[in-house]
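Grab the model and work through the exercises below. Each one sets a task and then walks through a solution.

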Amino acid sequence: MVKMLAEKDKGFEWIDVIDPSQEEIQRIAREYDLHESSVNDCLQPDHLPKYEKIENYTFIIFRMHVPEADEEADTLRELTNKIALFLSKDRLITIRKKNWFPLENICDKNIKEKVCKTAFHVLNEIIRTGLLTFDEPAVKLTRSIEFLEENIFLRHRKVSLLKKLYYIKRKIDVIRRVLILTHDVIDHVDSPQATTAYTRDMRDTYIRMTNIYDSLAENTTQLFNIYFSISAQKTNEIIRVLTLFSVFFMPLTFIVGIYGMNFDFMPELRSRLGYPAVLLSMALITALIYWWFRKKGWL
């Protein structure tokens, strides 16, 4: 579907294309002289952000966070939506697969109210609004990390916690990769020759998002390390307890093994006090081992 969001009487054209067919894309490419490579990149659903200068226009691929991603979403397509932008001096073409309501808001607020007077200004607003879509997911991820920290440190660790932590790390890694590759777009839009208060605000938003997700990635990595450290410590504690128990039973098993050999000439077997003497010896050995462990601070 092709919509004309702004016409030349506004000072520039804005053509918005939603889920186009192959025929529509080819018609638009012929009408506005779009390069074949740009059109092919535009049609790839998993294409990463890019900035490309063509002869008569600038081609940008930008990705924004989806409004409601699944809890276990961890791929580029599940977490982000793509929008392709073709910018020339007096024309902006946006091509997207799905509806993106902030784009309609940009149209209502900036085109009908004449806040945006150039195609470049509209492009800046689209990128800035797209960057802001990563803000709410960052808040949710922060809360999830805090919840997992509490459970790892204060409660019993479960496999479900590790699984949830894995998906959080995957989400953060995907978003960080998108933001890193968006840096080239931000640098060209907010270039020294074209910088304005609007583009600087967009760059500030980008820097804030990258800092937030860098911090989240660092916290998640630390949480992974803490989880495995605590798990290893717990395992070591179990092994230590089992080792202590084995030390208690080793001399007792040795004594039982001696008197279980069934030789005929073992005088203790015929003694009236042999049985209680062996039990007393076992108790004494156990007490001595216990005293020694307490003295060493192992119990």
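**Exercise 1. Work out which strands helix H2 lies across, and how the helix runs relative to E5.**

Start with helix H2, residues 36-43, in this predicted model. Helix H2 lies across E3, strand E4 (58-65), E5 and E6. Next, take the direction: helix H2 runs at about 160 degrees to E5. Now do the same for helix H1, residues 22-32, which lies across E1, strand E2 (13-18) and E6. Its angle to E6 is about 165 degrees.

**Exercise 2. Put the strands of the sheet in order and find the ones at the edges.**

Step one is the order: the six strands go E1-E2-E6-E5-E4-E3. The sheet they form is open, and its pairing is mixed. Step two is the edges: strand E1 (2-6) and strand E3 (50-53) each have a single partner strand, so one side of each lacks a neighbour in the sheet. Step three is the twist, which averages 20 degrees from one strand to the next. As a reminder, strands in a sheet pair through backbone hydrogen bonds, in either a parallel or an antiparallel way.

**Exercise 3. Describe the pairing of E5 on each side, then say how covered the strand is.**

Go to the E6 side to begin with. Strand E5 (residues 80-88) pairs with strand E6 (residues 91-96) in the antiparallel sense, over six bridges. The two make a hairpin with two residues between them. Within this pairing, alanine 84 sits opposite isoleucine 95 in E6, while leucine 85 faces threonine 94 in E6.

Now flip to the E4 side. E4 and E5 are antiparallel too, joined by eight bridges. One example to click on: methionine 64 has asparagine 81 in E5 as its bridge partner.

Last, check the burial. Nine of the nine residues in E5 are buried. On one side that takes in Thr80, Lys82, Ala84, Phe86 and Ser88, and on the other Asn81, Ile83, Leu85 and Leu87, so both faces are covered.

**Exercise 4. Classify the ring pair of phenylalanine 248 and phenylalanine 293, and decide whether each residue is buried or exposed.**

A pair of aromatic rings is described by two values, the distance of the centres and the angle of the planes. The chain has six aromatic pairs in total. For phenylalanine 248 and phenylalanine 293, the centres are 5.7 Å apart and the planes make an angle of 90 degrees, which is edge-to-face. As for where they sit, phenylalanine 248 belongs to helix H8 (residues 197-258) and phenylalanine 293 to helix H9 (residues 274-296), so the pair links distant parts of the chain, 45 residues apart.

For burial, the cut-off is under 20% relative accessible area. Phenylalanine 248 comes in at 16%, so it counts as buried. Phenylalanine 293 is at 2%, so it is buried as well.

One more ring group to look up: ring pairs link Tyr57, Phe59 and Phe86 into a cluster.

**Exercise 5. Find the residues that touch the most other members of the largest nonpolar core, then look around tyrosine 213.**

The largest core has 53 residues, and Trp14, Ile126, Ile127 and Tyr213 touch the most other members. Helix H7 (residues 159-189) supplies the largest share, 11 residues. There is also a second, separate core of 17 residues, including Ile15, Ile25, Ala29 and Val39.

Now zoom in on tyrosine 213. Setting aside residues up to four places away in sequence, it touches Phe134, Pro137, Ala138, Leu141, Ile172, Ile175, Arg176 and Leu179.

For a polar contrast, try threonine 199 in helix H8. Its relative accessibility is 0%, so threonine 199 counts as buried. Leaving out neighbours within four places in sequence, threonine 199 contacts Phe120, Asn124, Val189, Asp190 and Ala194.

**Exercise 6. Decide whether the chain is a compact globule or more spread out.**

First, the inventory: nine helices and six strands. Then compare the radii: the chain's radius of gyration is 35 Å, well over the 19 Å from the globule rule for 299 residues, so the chain is more spread out than a compact globule. The C-alpha trace spans about 120 × 40 × 30 Å along its principal axes.

Finish with burial and contacts. Buried residues are 40% of the 299. Of the contacts with a separation of 6 or more, 63% are between residues 24 or more positions apart.

Notes
Residues numbered from 1 in each chain as written. Predicted model: local features only at pLDDT ≥ 70, side-chain atom pairs only at ≥ 80, totals over all residues. Heavy atoms only, no water. Pairing = 2+ DSSP bridges. Helix = DSSP H or I, 4+ residues; strand = E, 2+ residues; numbered from the N terminus. Axes fitted to C-alpha atoms, helices over the stretch in contact; angles between N-to-C directions. Contact = heavy atoms within 4.5 Å. Phe/Tyr/Trp six-rings, centres within 6.5 Å; stacked < 30°, edge-to-face > 60°. Buried < 20%, exposed > 50% of the residue type's maximum accessible area, 1.4 Å probe, protein only. Core = buried A, V, L, I, M, F, W, Y, C linked by side-chain atoms within 4.5 Å. Rg over C-alpha atoms; globule rule 2.2 N^0.38 Å.
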